[in-house]
Amino acid sequence: MTVEEALPYLREHQKELTDRILSGKYTPSPVRRVEIPKPDGGVRKLGIPTVIDRTIQQAIAQQLISIYEPDFMETSYGYRPNKSAKDAILKVKEYAEQGYIYAVTLDLSKYFDPLNRW
């Protein structure tokens with residue numbers, strides 16, 4: 001389904017989708033698996049959800065963000081609204097100018113790999 005086809009589909013199936021989500025019976029469709037080559041020779045595995053699943057995920061995320069966002073520390077920059085890697089670098093530079101000599105960066109990209117999601 002294309003993005004252009006999604007809105008009419010969502011309008012037509014809104015009640016059914018909402019009922020399934022609220023009852024806990026909604027199951028996303030399988031994602032398309034794609035491997036993207038990395039410069040170092042490895043690959044980055046990417047899962048591409050359907051347009052409908054991505055729309056539903058984004059709608060839920062927009063509702064949840066107001067709940068969990070206030071609990072994040074101001075110094076957390078990953079995947080947050082109005083924060084970027086560039087902002088994190090500028091903050092590290094500011095701390096360095098204040099005399100700090102250590103910066104900690106964490107990459108959780110493989111942290112959840114061993115979890116059984118099913």
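This is a guided tour of one structure, with a suggestion at each stop of what to select and what is found there. Keep in mind throughout that the model is predicted.

**Stop 1: the nonpolar core.** Begin by selecting Ala 6, Leu 10, Leu 17, Tyr 26, Ile 52 and Ile 56, the six residues that together make up the largest nonpolar core. The elements giving two or more residues to this core are helix H1, which spans 3–12, and H3. Now centre the view on Leu 17 and display its surroundings: leaving aside residues up to four places away in sequence, Leu 17 touches Tyr 9, Leu 10, Tyr 26 and Ile 56.

**Stop 2: a pocket.** Keep Leu 10, Leu 17 and Ile 56 selected, and add Arg 11, Gln 14, Thr 18, Ile 21, Leu 22 and Ile 60, which gives the lining of the second largest pocket. The space inside this pocket comes to about 160 Å³. Which element supplies the largest share of the lining? Helix H2 does, with five residues, although H1, H2 (14–22) and H3 each supply at least two. If you colour the lining by residue character, you should find six nonpolar residues, two polar ones and one charged one.

**Stop 3: the aromatic pairs.** The structure holds two aromatic pairs. For one of them, select Tyr 68 and Phe 72, whose ring centres lie 5.9 Å apart and whose planes stand at 70°, so that the pair is edge-to-face. Tyr 68 counts as partly exposed, at 36% relative accessibility, and Phe 72, also at 36%, counts as partly exposed. Then move to Tyr 95 and Tyr 100, an edge-to-face pair with 5.5 Å from centre to centre and 65° between the planes. Are these two rings' residues buried or exposed? Tyr 95 is partly exposed, with a relative accessibility of 31%, whereas Tyr 100, at 53%, counts as exposed because the exposed class begins over 50%.

**Stop 4: the loop before H4.** Select Asn 82, which is found in the loop between helix H3 (51–68) and H4. The backbone deserves a look here, as phi of Asn 82 is near 60°, a positive value in a residue other than glycine. Asn 82 counts as exposed, with 79% relative accessibility.

**Stop 5: into helix H4.** Finish at Lys 86, which is found in helix H4, residues 85–97, and which counts as exposed at 60% relative accessibility. To relate Lys 86 to another part of the chain, select Arg 54 as well and draw a C-alpha to C-alpha distance: the two residues are 32 residues apart in sequence and 26 Å apart in space.

Note on methods:
Residues are numbered from 1 along each chain as its sequence is written. This is a predicted model: local features need pLDDT of at least 70, side-chain atom pairs count only at pLDDT 80 or more; totals for chains, interfaces and linings use all residues. Side-chain values use heavy atoms; hydrogens and water are left out. Helices (H or I, at least four residues) and strands (E, at least two) are DSSP runs, numbered from the N terminus. Buried means under 20% relative accessible area, exposed over 50%, partly exposed in between (1.4 Å probe, protein chains only). A nonpolar core is a set of buried Ala, Val, Leu, Ile, Met, Phe, Trp, Tyr and Cys residues joined through side-chain atoms within 4.5 Å. Contact means heavy atoms within 4.5 Å. On a 1 Å grid over the protein atoms alone, a cavity is a set of points where a 1.4 Å probe fits but cannot get out, and a pocket is an open set with protein on both sides within 12 Å along at least five of seven lines; lining residues have an atom within 4 Å of a point. Grid points are joined across faces, edges and corners, and a volume is the space filled by probe spheres set on the points. Ala, Val, Leu, Ile, Met, Phe, Trp, Tyr, Cys and Pro count as nonpolar, Asp, Glu, Lys and Arg as charged, and the others, Gly among them, as polar. Rings of Phe, Tyr and Trp (its six-membered ring) pair if their centres lie within 6.5 Å; planes under 30 degrees apart count as stacked, over 60 as edge-to-face and the rest as tilted.
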